[in-house]
Amino acid sequence: MVGISSTFYLAIKQVGRLAKMLTAHDPNIEIVLGGAYANAQTIDGFPESFERPMKKYGLKYVLYAFNSEIDLRDLLIAWRQGGSLDGVNNLCHLDSAGKIHVTETVWKEPVLNELEPLWDNLELPFLNHTIQIRSAVGCPFSCAFCSYPTTAKSWKTVKAGTVRDHLDAVTRIPDLKQIIFIDDTFNVPKNRFKDLLKVFCDYDFKWFSFLRVQYVDDEIVQLMKDSGCEGVYLGVESASDIVLKNMNKRATSADFYRGVELLAK
């Protein structure tokens with residue numbers, strides 16, 4: 001079984017190209033699709049709509065809900081044991097005759113502070129020096145062009161001490177050199193971000209993240225440098241204050257210019 005995370009996929013054809021590459025490599029492979037693209041298709045639609053692309057591209061399973069980590073675990077257990085998939089929530093799957101089945105849709109709260117730091121117990125034979133970690137879910141903002149805060153339902157963060165516990169496990173992984181923090185608003189709130197940066201200073205890894213550029217100051221930029229920051233992705237959608245106001249970005253072009261200048265020092 002191979003999983004495809006669809007966080008950066010915007011169309012089913014992109015997923016399909018990857019699925020075809022995988023099945024060409026191993027015709028017996030069983031592919032499970034999950035993540036943001038899969039989630040988005042069921043916000044205004046129905047899980048049954050996956051039937052056609054699943055058959056076209058050779059996708060055996062689709063986990064279509066938010067926060068489906070537990071569903072993926074249940075799918076793996078049932079798959080290994082060869083048992084029924086009826087107890088796996090938020091799942092579309094094709095049977096041997098090509099008929100689609102959809103299990104019960106259940107909202108799952110995100111697993112964050114309760115998740116044990118088991119990173120160094122994983123078998124990661126294909127790890128290429130980099131691993132991705134999330135320390136928050138949801139978004140505290142309400143930009144006019146984005147439905148994510150609504151669909152994610154809440155914004156929750158992991159405590160800095162819990163992040164340290166996970167980093168202790170992550171940094172024991174052989175050959176790990178870089179971490180990508182995939183939080184949508186990693187440096188919000190500022191006090192928590194400063195606490196995280198001070199934790200990072202105790203480790204020897206390079207890191208990347210998304211960043212709200214209007215929430216940086218001299219102290220934060222220095223801590224970012226001292227803690228191993230190699231690069232950030234900035235959400236600067238426009239330099240027009242009128243457009244930013246219409247998008248409800250809660251920022252001005254002056255905020256962006258000031259933040260970028262600080263980061264460029």
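Visitor: Which residues does phenylalanine 200 touch, not counting residues up to four places away in sequence?
Guide: This is a predicted model. Contact here means heavy atoms within 4.5 Å. By that cut-off, phenylalanine 200 touches Val163, Leu167, Phe181, Phe186, Phe205, Trp207 and Ser227.

Visitor: Which members of the largest nonpolar core touch the most other members?
Guide: That core has 32 residues. Phe200 is one of the residues asked for. The full set is Leu167, Ile179, Phe181, Phe200 and Trp207.

Visitor: Which elements give two or more residues to this core?
Guide: Both helices and strands contribute. The helices are helix 6 (160–170), helix 7 (190–200) and helix 8 (218–226). The strands are strand 6 (130–133), strand 9 (178–181) and strand 10 (206–211).

Visitor: How many residues are in the other core?
Guide: This core lies apart from the largest one. Among its members are Ile29, Ile31, Leu59 and Leu94. Its count is 17 residues.

Visitor: In what order do the strands of the open sheet run?
Guide: The sheet has 4 strands, and the pairing is parallel. Strand 6 and strand 11 (229–234) are the edge strands, each pairing on one side only. The twist averages 20° from one strand to the next. The order is 6-9-10-11.

Visitor: Which residue in strand 9 is the bridge partner of isoleucine 131?
Guide: Isoleucine 131 is found in strand 6. Strand 6 and strand 9 pair in the parallel sense over 4 bridges. In strand 9, the partner is isoleucine 179.

Visitor: Is isoleucine 131 buried or exposed?
Guide: Leaving aside neighbours within four places in sequence, isoleucine 131 is in contact with Trp119, Leu124, Val170, Ile173, Leu176, Gln178, Ile179 and Ile180. Its relative accessible area is 10%. The cut-off for buried is under 20%. Isoleucine 131 is therefore buried.

Visitor: What separates the C-alpha atoms of isoleucine 131 and threonine 171?
Guide: Along the chain, isoleucine 131 and threonine 171 are 40 residues apart. In space, their C-alpha atoms are separated by 10 Å.

Visitor: Why are the buried residues of helix 1 on the same side?
Guide: Helix 1 (residues 12–25) has 14 residues and reaches 20 Å from its first C-alpha to its last, close to the 20 Å expected. Val15, Gly16 and Ala19 are its buried residues. They lie on the same side of helix 1 because the arc they cover around the axis is only 100°.

Visitor: What do the buried residues of helix 1 pack against?
Guide: The face turned away from the buried side carries the exposed residues Lys13, Arg17, Met21, Ala24 and His25. The buried residues pack against one helix and three strands: helix 3 (51–57), strand 1 (2–5), strand 2 (31–34) and strand 3 (59–63).

Visitor: Which residues does a cis peptide bond join?
Guide: The proline of the pair is found in the loop between strand 9 and helix 7. Omega is about -5°. The bond joins valine 188 and proline 189.

Visitor: Is asparagine 67 buried or exposed?
Guide: Asparagine 67 lies in the loop between strand 3 and helix 4 (69–81). Its phi is positive, about 55°, although it is not a glycine. At 17% relative accessibility, asparagine 67 counts as buried.

Visitor: Is aspartate 175 buried or exposed?
Guide: Aspartate 175 lies in the loop between helix 6 and strand 9. Its phi is positive too, about 70°, although it is not a glycine. With a relative accessible area of 57%, aspartate 175 is exposed.

Definitions and conventions:
Residues numbered from 1 in each chain as written. Predicted model: local features only at pLDDT ≥ 70, side-chain atom pairs only at ≥ 80, totals over all residues. Heavy atoms only, no water. Core = buried A, V, L, I, M, F, W, Y, C linked by side-chain atoms within 4.5 Å. Buried < 20%, exposed > 50% of the residue type's maximum accessible area, 1.4 Å probe, protein only. Expected span 1.5 Å × (residues − 1). Arc of directions from axis to C-beta. Pairing = 2+ DSSP bridges. Axes fitted to C-alpha atoms, helices over the stretch in contact; angles between N-to-C directions.
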